[in-house]
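Biologist: I should like to understand how charged side chains pair in this protein. Could you take me through the structure step by step?

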Amino acid sequence: MSNPSETRQTQRFGLLWPDLNDGLSYNDVVRSSDSESTLIEFYSSKYKNSAPLQGWVQRIENGQIRVDGTVVTDPETILRVGSKLIYHRLPWREPDAPCLLEVLYEDGDMIALNKPSGLQVLPGGLFQQRTVLSQLQWQASKKQEPHPVPVHRLGRGTSGILLCAKTKLAKTRLAAYFADGTSYIEGNRKTNMEMCGTRKITKIYRALVTGLLDEDKVLIKQPIGMVQYPGVAKGLYVASSSGKPALSKVDVLERNMQGNNTLVQVEIQSGRPHQIRIHLAFIGHPLLGDPLYVGGGQPMCFDPEFVDGSYAQDGGYQRPTNPVPGDCGYFLHAHQLTLSHPTTNEVIKITAPLPSILQTQDEAKEISIN
């Protein structure tokens, strides 16, 4: 087994973020089903999750929409079949986010990064430019080569190993590795031990949870589903009996009696969004500092019927007052990843250094001695 983390020299890259991003452009073509609709009817119905009605009125009157190349400022303009629409979202200053990425492993097929907490992986919501993907694009452009692409999820508040593919073949095979574990769980074709022996990729996380776990080992099989949630257009993932199967193995590393928290290691054998946060909250031990998930694997508080009709300066919805999945503050780190190389099949183990708060007392002493 190759362990590049033991011998590597630290490499980092990352450009400072510009003050404003470039804005966004959304293209549409009017179909027969939308013919005779007004401009405001089209946008307020098709993109109702982007802005309330009056927000779309503001955007139209502000000259942010073109119809067949011409700026149109009348919300009541009638649309014709085949017309090309372009909505330009004005540039904005994205929330603060770290920009430096550490390279843990790299070859011609893939690159493994140590992602800092607070940095989003892919564009979405308020973060369109301040993402890992942008830094990969900028770095690749300097080298005049295609940019790598992430092949799995890692929450904005989660730190640690993010695996990215540099070729189409590597992307296909690595994505299949991650999907395999989830498909095994869904099909229930093998026992837990059998599955561990056949998987081509294993992810191990460190987490700090509230309270003291009684058992040294816990197997969590709670399904994860989705509910409507203000501020999250596609819905929020929660513990749900009607959701999709998910499996997490939890091992207690240390109990802090004085602080009333527990340091755990978690191996996930399915890849549901926010799985570790939801599963640990489900058993009554949410991640320390998690602003969203509480006991039972549910959001802290929300009214699914509530809709905030106010809008921000750019016409879009105000930032939700309730916590959302991208909010940080919890302690979760993708610590180790073991995989079969996508082209050579060599077994590779990659390790991301632990934040001090997620180290055991023995690990902290060893680091201080070295």
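Biologist: Which residue forms a salt bridge with D216?

Modeller: The model is predicted. A salt bridge requires a side-chain nitrogen of Lys or Arg within 4 Å of a carboxyl oxygen of Asp or Glu. Here the closest N and O atoms are 2.8 Å apart, so the cut-off is met, and the partner of D216 is R255.

Biologist: How many residues apart are D216 and R255 in the chain?

Modeller: D216 lies in the loop between β10 (201–210) and β11 (217–220). R255 belongs to strand β14 (residues 248–256). The pair thus links distant parts of the chain, with a separation of 39 residues.

Biologist: Is R255 buried, partly exposed or exposed?

Modeller: Buried means under 20% relative accessible area, and exposed means over 50%. The relative accessible area of R255 is 32%, which lies between these limits. Its partner D216, at 48%, also falls in that range. R255 is therefore partly exposed.

Biologist: Why can such side chains pair at all?

Modeller: Opposite charges are the basis of the pairing. It can occur because the charged atoms come close.

Biologist: What is the distance between the closest N and O atoms of R93 and D96?

Modeller: R93 is partly exposed, with a relative accessible area of 45%. D96 has 58%, and because this is over 50% it counts as exposed. The two form a salt bridge, and their closest N and O atoms are separated by 3.0 Å.

Biologist: Which arginine, counted as buried, also forms a salt bridge with D96?

Modeller: The side chain of D96 meets a second arginine at 3.8 Å, N to O. D96 lies in the loop between β5 (84–89) and β6 (101–106), and the arginine in the loop between β7 (110–115) and α3 (132–143), so the pair ties together parts that are 34 residues apart in sequence. The relative accessibility of this arginine is 5%, and so it counts as buried. The residue is R130.

Biologist: How many salt bridges does a search of the whole structure find?

Modeller: The pairs discussed here, including D216 with R255 and R93 with D96, belong to a wider set. The search covers the whole structure, and the number found is eleven.

Biologist: What percentage of the residues of the protein count as buried?

Modeller: The protein has seven helices and 19 strands. A residue is buried when its relative accessible area is under 20%. Of the 370 residues, the share that counts as buried is 46%.

Definitions and conventions:
Residues numbered from 1 in each chain as written. Predicted model: local features only at pLDDT ≥ 70, side-chain atom pairs only at ≥ 80, totals over all residues. Heavy atoms only, no water. Helix = DSSP H or I, 4+ residues; strand = E, 2+ residues; numbered from the N terminus. Buried < 20%, exposed > 50% of the residue type's maximum accessible area, 1.4 Å probe, protein only.
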